[in-house]
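The following exercises are to be worked through with the structure in view. Each task is followed by a solution in steps.

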Amino acid sequence: MFDLFTGTCKRHVKFTSGLDGHALHGHVIKNLTLPLDVRSPCRSQCVMESRCVSINIGPLINNKIICELSDSDLSLHPDDLKTRQGFTFIGTEVRNKNSASNYNTSCLKKG
């Protein structure tokens with residue numbers, strides 16, 4: 001589990017198991033190409049981006065991976081999960097320490 005302070009909110013992020021061969025379409029907020037020499041680079045980027053609630057990790061090309069950060073997940077848009085060769089979809093469970101809910105939008109930056 002990752003912890004991140006965003007303003008007055010403490011954000012806890014737990015990643016779910018990956019779903020190979022799939023990606024969530026239509027909700028990407030940031031598209032990155034990251035080196036593999038960093039431990040869990042895409043997950044770390046998601047933790048640092050307060051709007052991120054799921055990631056699509058793409059295939060390895062020239063020792064780099066494609067990392068797509070999304071502002072939605074399967075619970076909000078289950079029909080947007082599509083087959084995508086070489087990708088893995090990973091959702092999150094985000095909890096605001098000040099709230100009992102699993103997903104608290106008051107802690108998410110808009111924009």
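**Exercise 1: Charges over rings**

Arg 43 lies over the face of Phe 15, at 5.3 Å from the ring centre. The model is a predicted one.

Task: State which ring the charged end of Arg 84 sits over, and give the distance from its centre.

Solution. Step 1: Locate Arg 84 and look for the ring beneath its charged end; this ring belongs to Phe 87. Step 2: Read the distance from the charged end of Arg 84 to the centre of the Phe 87 ring, which is 3.7 Å. Step 3: Apply the cut-off, which asks for CZ of Arg within 6 Å of the ring centre. The value of 3.7 Å for Arg 84 and the value of 5.3 Å for Arg 43 both satisfy this distance limit.

**Exercise 2: Aromatic pairs**

Task: Determine how many aromatic pairs the model contains.

Solution. Step 1: Recall that two aromatic rings are described by the distance between their centres and the angle between their planes. Step 2: Use the cut-off, by which the centres must lie within 6.5 Å. Step 3: Count the pairs; the result is 0.

**Exercise 3: The chain as a whole**

Task: Describe the order of the secondary structure elements along the protein chain.

Solution. Step 1: Count the elements, which are 1 helix and 7 strands. Step 2: Follow them from the N terminus, which gives β-β-β-β-α-β-β-β. Step 3: Add the burial of the chain: 41% of its 111 residues count as buried. Step 4: Consider the contacts with a separation of 6 or more; residues 24 or more positions apart account for 70% of them.

**Exercise 4: A loop and the strand before it**

Task: Determine whether Asn 62 and Asn 63 are buried or exposed, and give the sign of phi for each.

Solution. Step 1: Place both residues. Asn 62 is in the loop between strand 5 (54-61) and strand 6 (64-70), and Asn 63 is found in the loop between strand 5 and strand 6 as well. Step 2: Compare the relative accessible areas with the cut-off for exposed, which is over 50%. Asn 62 has 72% and is therefore exposed; Asn 63 has 58% and so counts as exposed. Step 3: Read phi. Asn 62 has a positive phi of about 55° although it is not a glycine, and phi of Asn 63 is also positive, near 60°.

Task: Name the residues in contact with Leu 60, leaving aside its neighbours within four places in sequence.

Solution. Step 1: Find Leu 60 in strand 5. Step 2: List its contacts under this condition, which are Leu 36 and Ile 65.

Technical notes
Residues numbered from 1 in each chain as written. Predicted model: local features only at pLDDT ≥ 70, side-chain atom pairs only at ≥ 80, totals over all residues. Heavy atoms only, no water. Helix = DSSP H or I, 4+ residues; strand = E, 2+ residues; numbered from the N terminus. Buried < 20%, exposed > 50% of the residue type's maximum accessible area, 1.4 Å probe, protein only. Contact = heavy atoms within 4.5 Å. Phe/Tyr/Trp six-rings, centres within 6.5 Å; stacked < 30°, edge-to-face > 60°. Lys NZ or Arg CZ within 6 Å of the ring centre and 35° of its normal.
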